Amino acid sequence: MKSNQPLNSEKVFRPANLDELDALAAQTAEGVTYVAGATDLLVQEERWKSARILVDLTAVKALHATLEVRENGVLIGAAVPLSRLIRHPLIRERLPILVETCRQIGSVQIQNRASLGGNIANASPAGDTLPVLSVLEAELRIGPRQNGEFEKLSLDQVMLGPGQTSLNGNRYIAQIFIPFPPRDAFWYFRKVGQRQALAISKVSLAVLGKKKEEKIEEIRICPGSVTPQIVRAQKTESLLRGQPLTEERIEKARAAIECEVSPITDIRSTTEYRRRITGELLREALYLWLRN
Amino acid sequence: MEIEFKVNGENVKIDVSPKKRLLDILREDLNLTGTKEGCGKGECGACTVLFNGERVNSCLVPALQLPGSSVVTVEGLRRWKSYPAIERAYVEHGAVQCGFCMTGFAMSTVALLKEQTFPLSREEIKWGLGGNLCRCTGYSKILDAVEEISHRDDILEQVHEDWQHEI
Ligand SMILES: Cc1cc2nc3c(=O)[nH]c(=O)nc-3n(C[C@H](O)[C@H](O)[C@H](O)COP(=O)(O)OP(=O)(O)OC[C@H]3O[C@@H](n4cnc5c(N)ncnc54)[C@H](O)[C@@H]3O)c2cc1C
Ligand code: FES
Ligand code: FES
């Protein structure tokens, strides 16, 4: 493994493979700073300045290059740049909700560097992929491996709140497995941000649903940005599940989600506004579904 | 740390802090000042370069990720056979005023022409150039310029040929 010790005591590691990464994670007593696309890290000045041990995840192929399409889903390296997902023909076909979301992150320059692992580990409630990974029921594979196995966790077991994750002790996200929804599934993602091209979203909503014989067989709804943790709107979901999709049901669901979300209040937006927009987005989503 | 990588096709070797930004390395250590700093936060695109064949914001690439990589800046792009035609289209459409944003737009334009399948719709061009800001011209002239380029088979062919030499 290459290690460099410059004068100012920053240490850099570029592990060549998973074994080296795991050994490093397990044997370093101090906390390390993982670097993927660096699109969050380099704009967080204090954090970046204070980082002492830097571990470059883009050096590890299993994290930076893995993109394995399987019959039931796709396994994505945590540090794979979002553009690779956006351009991948099979991911475009089977996971349009993810592709559309990635296309709305920053700009192409950002997408060429930013990763899913970074979006999750940065743990901003405004992270755009989070509500989408939540409705897709993505499975996160966490290293270092124990007895040769990654630990498998769901998103809400990893992202605990603003800037908080369960990734203590140098644990890292290695890969993300995303099961394919049915081909005829309905999907919706929309964010309402302050600026078009480069918005860090203020309110967003992801919806994934499936109808069977005119009834809603499955529905998953996850707001982004409004709550400190990324949680699905389960009460609203159960109000819809098993029911026919009607205008009346849609109005009820909208009222339900407005009660269910408990928004974060910050300078960007007031509680009431976020609540209302979340309701509006759900209404828009369900009407789109009703009409198509 | 000691870093060896390629810039505009030439091998370079430098000794810098692992946290130094590629943007500063280009401007300070390599004296390649065509790459500009606007916001320093990934928002304006003035610092756009090609990094391993993909356009990125050089203000967001730390030195520690450079070893073994290949970087193309506007100084390299100016040697592409397709470059004069791209520059001409921008000038003819009145898409250049102070010129500060131009290197970033030029990098994004050649990247966009490679990334996309043709013909590009105006919407696609808008999305593709969304990471580059211009304070002077208003975007419609820039979109006009790129739209024209994307319909010119001779320029497109040349861009694709140039790309093959670059990576
Ligand atoms: C101009 C601009 C616009 C942006 N627009 C958006 C937007 O529209 N929507 C949005 O959601 N985000 C946006 N972002 C934020 C950022 O691009 C994303 O959060 C991105 O996904 C971060 O990924 P990265 O690989 O660059 O992470 P990095 O910056 O490399 O890392 C982010 C954090 O995660 C840790 N980390 C990274 N990978 C791992 C891993 N595998 N395991 C454990 N820890 C890890 C790092 O140590 C760091 O703390 C924007 C950023 C910029 C600069
Ligand atoms: S200076 Fe890098 S994007 Fe503005
Ligand atoms: S011409 Fe002045 S910023 Fe674009």
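This report walks through a ligand site, some helix packing and two backbone details in a predicted model.

## Where the ligand sits

Let's start with ligand 1, which lies between chains A and B. A shell of 35 residues surrounds ligand 1, and the closest of them are A:Tyr34, A:Thr39, A:Asp40, A:Arg47 and A:Ser115. Sorted by character, the shell around ligand 1 breaks down into 18 nonpolar, eleven polar and six charged residues.

## Polar contacts and cover

Three polar partners on chain A are worth a look. The side chain of A:Arg47 puts a polar atom 2.6 Å from an oxygen atom of ligand 1, and A:Arg47 is also listed among the closest residues. The backbone joins in too: a polar backbone atom of A:Ala36 is 2.8 Å from a ligand 1 oxygen, while for A:Leu41 the distance from a polar backbone atom to an oxygen of the ligand is 2.9 Å.

How much of ligand 1 does the protein cover? On its own, ligand 1 has 980 Å² of accessible area, and the protein covers 95% of that. As for secondary structure, the elements that give two or more residues to the shell are β3 (33-35), α8 (116-121) and β11 (172-179), which belong to chain A. Helix α8(A) makes the largest contribution to the shell, with four residues.

## Helix packing in chain B

Over in chain B, helix α4 (residues 102-115) packs against helix α6 (residues 139-150) at an angle of about 40°, and their axes are 11 Å apart. Angles from 35 to 65 degrees fall outside the parallel and perpendicular classes, so α4(B) counts as oblique to α6(B). The crossing of α4(B) past α6(B) is right-handed.

Helix α4(B) has another packing partner in α3 (residues 83-92) of chain B: here the angle is about 120°, with the axes 11 Å apart. That angle makes α3(B) oblique to α4(B). What is the handedness when α3(B) passes α4(B)? This crossing is right-handed.

## Backbone details in chain A

Two spots on the chain A backbone deserve a click. One is the peptide bond from A:Gly143 to A:Pro144, which is cis, with omega near 0°. You'll find A:Pro144 in strand β7 (residues 139-146) of chain A.

The other is A:Ala38, where phi is near 65°, a positive value in a residue other than glycine. A:Ala38 is in the loop between β3 and α2 (45-50) of chain A. Strand β3, at one end of that loop, is also one of the elements that give two or more residues to the shell around ligand 1.

Key. Residues numbered from 1 in each chain as written. Chains lettered and ligands numbered in written order. Predicted model: local features only at pLDDT ≥ 70, side-chain atom pairs only at ≥ 80, totals over all residues. Heavy atoms only, no water. Near = heavy atom within 4 Å. Polar contact = N/O pair within 3.5 Å; in protein donor to acceptor, adjacent residues only side chain to side chain. Areas by Shrake-Rupley, 256 points an atom, 1.4 Å probe, with all protein chains shown as cover. Nonpolar A, V, L, I, M, F, W, Y, C, P; charged D, E, K, R; others polar. Axes fitted to C-alpha atoms, helices over the stretch in contact; angles between N-to-C directions. Parallel < 35°, antiparallel > 145°, perpendicular 65-115°, else oblique. Left-handed = near helix turned anticlockwise from the far one by under 90°.
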